[in-house]
Every structure is written in C-alpha cells, then in structure tokens.
Amino acid sequence: MVKISLISVIYQKENEENRGSVEFQILSFTTKIRKLTSHFELHKKDSSSRRGLQKILVKRQRLLAYLSKKNRERYKELIGELNIREIKTR
C-alpha cells in the first residue's frame with residue numbers, strides 16, 4: 001500500500017513536469033511491470049503477456065543504465081523511491 005501511494009505521488013509530480021523525461025518513463029515502465037507481475041499470479045500460463053513483460057524489462061533496464069551514466073545521484077534516488085534493484089554494470 002505504501003509503494004502505491006509513493007508511486008502515485010511521484011507520478012503526479014512527474015505528470016506536472018516533463019512526461020518525456022527518463023524518470024517518468026522508468027516510472028511508467030515500473031507500474032506496467034508491477035501490473036503484469038500481479039497478472040501472472042492469477043494467469044501462470046499467459047506466455048504472450050510474459051513476452052511483453054520481458055520487452056518492458058529490457059527497455060527499463062536500458063533507461064536505468066542511461067540515467068546511471070548521466071546522473072548517478074538521481075539514479076540512486078529513483079531506484080530507492082521505486083524500490084527496484086540496482087542494474088548490473090559490465
């Protein structure tokens with residue numbers, strides 16, 4: 001419940017600002033990922049949605065890598081707010 005309220009606060013803040021920002025795109029991908037993850041709890045054999053989830057995960061991973069290179073402190077703050085794991089760098 002706390003995550004949902006935190007996400008809605010971030011979403012409203014970003015909605016007033018720039019919707020095309022990297023942070024907003026990561027936020028929207030994260031909400032889609034969480035919705036699909038809860039969908040799979042009921043529908044375990046839905047393979048078409050699973051493929052869509054994998055595509056979204058890759059897109060979010062690329063955006064997180066970009067943000068990590070451009071603005072490391074904002075990256076750390078965002079992954080803390082969204083409660084997601086840090087990306088692995090090669």
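Partly exposed describes a residue whose relative accessible area falls between the buried limit of under 20% and the exposed limit of over 50%. That term comes up often in the legends below, which all show a predicted model.

**View 1. The whole chain is built from four helices and zero strands.** Reading from the N terminus, the elements follow the order α-α-α-α. The protein has 90 residues, and 32% of them are buried. Among contacts with a separation of 6 or more, 50% are between residues 24 or more positions apart. The accessible surface is about 6800 Å², and carbon and sulfur atoms account for 52% of that area.

**View 2. Glu23 and Arg74 meet through their side chains in a salt bridge.** Here the N to O distance is 3.5 Å. Glu23 sits in helix 2 and Arg74 in helix 4, so please follow the chain across 51 residues to get from one partner to the other. Both Glu23 and Arg74 are buried.**View 3. Glu86 forms salt bridges with Arg72 and with Lys76.** For Arg72, the closest N and O atoms are 2.7 Å apart. Glu86 belongs to the segment after helix 4 while Arg72 belongs to helix 4, so this pair ties together parts that are 14 residues apart in sequence. For Lys76 and Glu86, the closest N and O atoms are 3.2 Å apart. Lys76 is in helix 4 too, and its pairing with Glu86 ties together parts 10 residues apart in sequence. Glu86 is partly exposed because its relative accessible area is 37%. Arg72 is likewise partly exposed, at 37% relative accessibility, and Lys76 is partly exposed at 40%.

**View 4. Ile79 is a buried residue of helix 4.** Its relative accessible area is 9%, which is why Ile79 counts as buried, the limit being under 20%. Setting aside neighbours within four places in sequence, look for Leu64, Ile84 and Glu86 in contact with Ile79. Ile26 is 53 residues from Ile79 in sequence, and the two C-alpha atoms are 9.6 Å apart.

**View 5. Glu81, also placed in helix 4, is partly exposed.** The relative accessible area of Glu81 is 22%. Between the C-alpha atoms of Glu81 and Leu27 the separation is 10.0 Å, with their positions 54 residues apart along the chain.

**View 6. Asn83 has a positive phi, near 60 degrees, although it is not a glycine.** Most residues other than glycine have a negative phi. Asn83 is found in the segment after helix 4, a helix that covers 72–82. With a relative accessible area of 49%, Asn83 is partly exposed.

**View 7. A patch of positive charge gathers on the surface.** Its members are Lys32, Lys35, Arg51, Lys55, Lys59 and Arg62. Helix 2 (22–42) and helix 3 (47–70) are the elements that give two or more residues to the patch. Helix 3 supplies the largest share, four residues. Lys55 is found in helix 3, and Lys55 is partly exposed because its relative accessible area is 46%.

Definitions and conventions: Residues are numbered from 1 along each chain as its sequence is written. This is a predicted model: local features need pLDDT of at least 70, side-chain atom pairs count only at pLDDT 80 or more; totals for chains, interfaces and linings use all residues. Side-chain values use heavy atoms; hydrogens and water are left out. Buried means under 20% relative accessible area, exposed over 50%, partly exposed in between (1.4 Å probe, protein chains only). Contact means heavy atoms within 4.5 Å. Accessible areas come from the Shrake-Rupley method with a 1.4 Å probe; for residues, only the protein chains shown count as cover. Patches are made of residues with over 30% relative accessible area and no salt bridge: like charges are joined within 9 Å, nonpolar side chains (Val, Leu, Ile, Met, Phe, Trp, Tyr) within 5 Å. A salt bridge is a side-chain nitrogen of Lys or Arg within 4 Å of a carboxyl oxygen of Asp or Glu. Lys and Arg count as positive and Asp and Glu as negative; His and the chain ends are not counted. The place of a charge is taken as NZ of Lys, CZ of Arg, CG of Asp or CD of Glu.
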